Amino acid sequence: MADVGVGDTALGAGLACAGGMAWLLNARHQGARRARLLFASAKAVDGGAAPWQRCLRELRRLHDRVGAEWWSLVAGLVLALAGVSVIPVIAGAAGVPLLRRVAKARRARLARERRADAVIALCGVLAGEVRAGQQPGEALLRAERDSGGLGEAQAAVIAAARFGGDVPGALALAARQPGAEGLSGLAACWRVAVDQGAGLAAGLGRLDEALRAERDQRADLRAQLSGARATALLLAVLPLLGLLLGAAMGADPLRVLLHTGAGLGCLVAGALFEGAGVWWAARIVRGAEAA
């Protein structure tokens, strides 16, 4: 009986070892198969794209690396080669600083909007922390860590809140940043709460509602002005469509505009009227947004 027990034990141990080896080999096989499928899918993503898709991807990378303003010079070079004239190159080079200014203004507007959203988030989180029973200084530190709405003045405000400094003064200084104007209201709420013992949470709640309403109003106004922007863009592109239509009809508009006196006069007058129209439309839109 003892021999039988020892034999059964050895047989069980052998079967367990065989099962373990089979499981390890199967896991290794599955891992290798998964790696082959992964590399095959990556190769399919890279090499399976159509040529025009790869071309668009490379153009997008070049656009991100160089900048949108230099496409004006590229367009000028193309038109110069097509029209055998140096005038498009000069016009394209003149358009580079103009487009750079437009792109800079757009980046500034986006940064201003992001900062305004961060200030709204800061006020909301700070109101919640104060209602939860946190002290104003500790609540401000936590709210800033969660929202990041103080921007470049973060160090000054955090130092004032942590070491008992002039928090309203630091917030008023931070409110000078574009888009952070709501911090001046936060500074006023803080000053009233500290000096007169008023409820900070109630003031922060009203400030948060006011800032959100102002943001929604700006978004609604921007949506209403999108039609005017689209119309101005369409009017700006119409001359290019006219050139393409003339070339399709065989009229050779580039030769007329670049190599004849009447064409040069029409080109200069059209460019002046085009610039004045775009400037006037942009001025109307900016005036409506400012109002």
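Reader: Is valine 237 buried, partly exposed or exposed?
Author: This is a predicted model, so keep in mind that we're reading a prediction. Valine 237 has a relative accessible area of 31%. Buried would mean under 20% and exposed over 50%, so with its 31% valine 237 comes out as partly exposed.

Reader: Which helix is valine 237 found in?
Author: Look at the stretch covering residues 200–248, which forms one helix. Valine 237 is part of that stretch, and the helix is α9.

Reader: What is the accessible area of the nonpolar surface patch that includes Val237?
Author: Val237 is joined there by leucines, among them Leu233, Leu234 and Leu244. Together, the residues of this nonpolar surface patch have an accessible area of about 760 Å².

Reader: Moving on to charges, how many salt bridges does the structure hold?
Author: Side chains of opposite charge can pair when their charged atoms come close. One such pair here is glutamate 113 with arginine 222. Counted over the structure, the number of salt bridges is seven.

Reader: How many residues apart in sequence are the parts that glutamate 113 and arginine 222 tie together?
Author: The two form a salt bridge, with their closest N and O atoms 2.9 Å apart. Glutamate 113 lies in helix α4 (residues 87–131) while arginine 222 lies in helix α9, so the pair ties together parts whose separation in sequence is 109 residues.

Reader: Which residue is linked with Glu113 and Arg222 in a network of salt bridges?
Author: Glu113 and Arg222 pair with each other, and they also belong to a network of salt bridges. The other member of that network is Arg109.

Reader: Which two helices are tied together by arginine 215 and aspartate 117?
Author: The side chains of arginine 215 and aspartate 117 meet in a salt bridge, at 3.4 Å from N to O. Arginine 215 and aspartate 117 sit in separate helices, so their pairing ties together parts 98 residues apart in sequence. Taking arginine 215 and then aspartate 117, those helices are α9 and α4.

Reader: Is aspartate 117 buried, partly exposed or exposed?
Author: Its relative accessibility is 35%. The partly exposed class runs between 20% and 50%, so aspartate 117 counts as partly exposed.

Reader: Where do arginine 142 and glutamate 138 lie?
Author: Their side chains meet in a salt bridge, 3.6 Å from N to O. Arginine 142 and glutamate 138 are four residues apart, about one turn of the helix. Both lie within residues 136–147, which is helix α5.

Notes:
Residues are numbered from 1 along each chain as its sequence is written. This is a predicted model: local features need pLDDT of at least 70, side-chain atom pairs count only at pLDDT 80 or more; totals for chains, interfaces and linings use all residues. Side-chain values use heavy atoms; hydrogens and water are left out. Patches are made of residues with over 30% relative accessible area and no salt bridge: like charges are joined within 9 Å, nonpolar side chains (Val, Leu, Ile, Met, Phe, Trp, Tyr) within 5 Å. Accessible areas come from the Shrake-Rupley method with a 1.4 Å probe; for residues, only the protein chains shown count as cover. A salt bridge is a side-chain nitrogen of Lys or Arg within 4 Å of a carboxyl oxygen of Asp or Glu. Buried means under 20% relative accessible area, exposed over 50%, partly exposed in between (1.4 Å probe, protein chains only).
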